[in-house]
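Trainee: I would like to go through this model with you, one question at a time. Please give the reasoning before the value.

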Amino acid sequence: MAFLIIFVTFSLLSSKFASLHNLASILTVTSELGIMSIGIAFLMIAGEFDLSVSSVYAFTGFLFIILANRMNSVAAFFMALMVAAVIGYINGQITIKAKIPSFIATLGTMMFLRGILLGLTGGNSVLYQSDNIMPHILTEYITGHFRPSHIWFIVLIIIMSIILKRTPYGNWVFATGGSEKVARTMGVNTNRVKIINFMVCAVLAGLAGIIAITRFRLANAAFGTRMELEAIASAVIGGTLMTGGFGSILGAALGAIIMGMLRSGLVMAGAPSYWYEAFVGLILIIAATINLKLRNTG
Amino acid sequence: MKEEYLVEMKNINKNFGAVKALKGVDFIVKKREVVGLLGDNGAGKSTLIKILCGVLKADSGEIFFNNKELSISSPYQAREKGIETVHQELSLVNTMTIARNMFLGKEPIRKVGFFSFLDKETMNREARKVIGDVGIKVRSPDEYVSILSGGERQAIAIGRAMYFDAKLLILDEPLRALSVKEQKNVLDHVNQVRDQGISVIFISHNVYHAYSVTDRFVLLNKGEKQGEILKEDSTPEEIAEFVSSGEKLSKIV
Ligand SMILES: Nc1ncnc2c1ncn2[C@@H]1O[C@H](COP(=O)(O)OP(=O)(O)O)[C@@H](O)[C@H]1O
Ligand SMILES: [Mg+2]
């Protein structure tokens, strides 16, 4: 519902961007942010946060390039995603075992991973010099405007929505975020749910990173900085409650599209990019407030 | 003699930091019996049953279920063994629908190849049935629990516990926050459940609430068992008197 209000407002404001070319390029950026946002929403619904997604995005992308340059892109793809899964697992374990809020735990891993990346690369970019298999599968233009990543984005929206809404596991996710205590009382292994969702979130962030990197064919260490806030904003715009227990995958994806349109709109209007950042902050607060109001009265 | 026992808890101890919530409590539930667990607020009633249904772990003591040692480490395992509980705090997730709450942790599934999907049709149909059985008026099982009144939530939680084929039904303060009519509804359900041969633990701090359905009372006071009374031996006034006096009773059963 929060989505509808904002969507209508912004599509009115940004109707001038409605050319096919521009919409497709928005979709390209949106697919990468959106895949990350899906993971974030999946985790937020289970009642946890992950600020480290932006660093996982960059780290996995880097790892992919380095591995692909040595072997082949397919093996590199799977190995890099496995590392992302391990990072998600560690995020989950820290949150659960140390009993600290995931907000803090993942702020730690975000800075840690980014620091490692900067340290290892010395701030230099790395070029992709490997086969064309993964770039073809992920990002190379299919038609004049559209890329495979657009399709993967849509496929992931569908799969993750089905998991969330139509499987027992999805029911446990909602319950874990809605009331961890109740979920546990009713027999749900809430720690397991959280760890799995942390892993899914990290893998999707890593996938988004690899997609972006096959598009640019180069990575630098500042890659994806602050993207975690965009992803959280997307999820929240899409109706996901900050407090967990409620939200939707489709909403998060639509939220990411709004963020993409906003960024594109501001760039087209010639505004410096820090205005976009200011907007992200503002939107986050407004959307979260609207969500809370809607839930409390409805 | 022992064959009659469904639950046998022996010498149960539980501390919360410095608070000794349970001090060597013995507790028995026979088959087809409604046990009223009575005691003032803070007596340790909820703590005792939370140990039985896997929410808490006793510091020491033994538990037998159907004459076999009950070693459970989670509520999931307790539910698998046929122990269904309506907790004082009801165990409903407000941000979820009635149907989703009904089947939380025991979701019916529909297999498609390797994948298990929620059987939504069954969930909605059965939830609708339960809503009808417990006599509350909501439009649909897709309503969120957050819009229900205290009494309606109570009814849903009890309906859920009775829906799954339990061997033991535990009701922790089930009449709290209910209107007289709703109370009568719950008591009728307890009678139905007993007629099906299911044992019930009915927890209350008010003997009058429990009196009509209970076969035997167990009194708990400040973490210790104060005694047991068969219903036919006492009037509710006498039992209330014992509860408030806190005196130890000679064991009657
Ligand atoms: N999770 C807990 N942490 C600390 N103390 C608790 C906890 N649960 C219960 N207690 C304490 O244990 C005692 C017994 O509580 P409880 O079993 O809830 O009593 P009753 O259900 O008979 O009212 C009380 O003193 C209560 O404050
Ligand atoms: Mg209690």
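Trainee: How far from an oxygen atom of ligand 1 does a polar side-chain atom of B:Thr47 lie?

Mentor: The model is predicted, so the distance is a computed one. B:Thr47 is among the residues around ligand 1, as are B:Lys45 and B:Ser46. The atom of B:Thr47 involved is a polar side-chain atom, and its distance to a ligand oxygen is 2.5 Å.

Trainee: Which residue has a backbone N or O atom 2.8 Å from an oxygen atom of ligand 1?

Mentor: Two backbone approaches can be listed here. For B:Gly44, a backbone N or O atom is 2.9 Å from an oxygen atom of ligand 1. The value of 2.8 Å belongs to B:Lys45.

Trainee: Which helix of chain B holds B:Lys50, the partner of B:Glu89?

Mentor: B:Glu89 and B:Lys50 form a salt bridge, with 3.1 Å between the closest N and O atoms. B:Glu89 sits in the loop between strand 6 and helix 3 of chain B, so the pair ties together parts that are 39 residues apart in sequence. The helix with B:Lys50 is helix 1 (residues 45–52).

Trainee: Is B:Lys50 buried or exposed?

Mentor: The cut-off for buried is under 20% relative accessible area. Its partner B:Glu89 has 40% relative accessibility and therefore counts as partly exposed. B:Lys50 has 16%, so the term for B:Lys50 is buried.

Trainee: Which residue of chain A meets B:Glu89 in a salt bridge?

Mentor: Between chain B and chain A the count is one salt bridge. The side chain of B:Glu89 takes part in this contact, at 3.9 Å from N to O. A salt bridge requires the two atoms to be within 4 Å. The partner in chain A is A:Lys181.

Trainee: How many residue pairs are in polar contact between chain B and chain A?

Mentor: On the chain B side, helix 2 (75–80) and strand 8 (115–118) each supply at least two of the residues that touch chain A. That side divides into 13 nonpolar, six polar and six charged residues. With both residues at pLDDT 80 or more, the number of pairs in polar contact is seven.

Trainee: What area is buried between chain B and chain A?

Mentor: An interface's size is often given as the accessible area lost when the parts come together. The contact here takes 25 residues from chain B and 24 residues from chain A. Carbon and sulfur atoms give 61% of the buried area, which is about 1900 Å².

Trainee: Which residues of chain B lose the most area to chain A?

Mentor: The area in question is part of the buried area of about 1900 Å² between the chains. Together, the residues that lose the most account for 24% of what the chain B side buries. They are B:Thr95, B:Arg100 and B:Leu104.

Trainee: Which residues of chain A does B:Ser91 touch?

Mentor: B:Ser91 lies in the loop between strand 6 (83–86) and helix 3 (98–102) of chain B. Its relative accessibility is 3%, so B:Ser91 counts as buried. Leaving out residues up to four places away in sequence, B:Ser91 touches B:Arg160 and, in chain A, A:Val182, A:Thr185 and A:Met186.

Trainee: Which residue meets B:Glu228 in a salt bridge?

Mentor: B:Glu228 lies in strand 12 (residues 224–230) of chain B and its partner in strand 11 (residues 216–221), so the pair ties together parts that are 12 residues apart in sequence. Both residues of the pair are buried. The side chains meet at 2.8 Å, N to O, and the partner is B:Arg216.

Trainee: How many residues of helix 8 of chain A are buried?

Mentor: Helix 8 spans residues 168–178 of chain A and is mostly covered. Its buried residues include A:Tyr169, A:Val173 and A:Phe174. Of its 11 residues, the number buried is nine.

Trainee: What is the relative accessibility of A:Val236?

Mentor: A:Val236 lies in helix 11 (residues 227–237) of chain A. Among the residues it touches are A:Met44, A:Leu284 and A:Asn291. A:Val236 counts as buried because its relative accessibility is 0%.

Note on methods: Residues are numbered from 1 along each chain as its sequence is written. Chains are lettered from A and ligands numbered from 1 in the order in which they are written. This is a predicted model: local features need pLDDT of at least 70, side-chain atom pairs count only at pLDDT 80 or more; totals for chains, interfaces and linings use all residues. Side-chain values use heavy atoms; hydrogens and water are left out. Contact means heavy atoms within 4.5 Å. Buried area is the accessible area (1.4 Å probe) that two parts lose on being put together, summed over both. A polar contact is a pair of N or O atoms within 3.5 Å; within protein, one must be able to donate a hydrogen and the other to accept it, and residues adjacent in sequence count only if both atoms are side-chain atoms. Helices (H or I, at least four residues) and strands (E, at least two) are DSSP runs, numbered from the N terminus. Ala, Val, Leu, Ile, Met, Phe, Trp, Tyr, Cys and Pro count as nonpolar, Asp, Glu, Lys and Arg as charged, and the others, Gly among them, as polar. Buried means under 20% relative accessible area, exposed over 50%, partly exposed in between (1.4 Å probe, protein chains only). A residue is near a molecule or strand if one of its heavy atoms lies within 4 Å of it.
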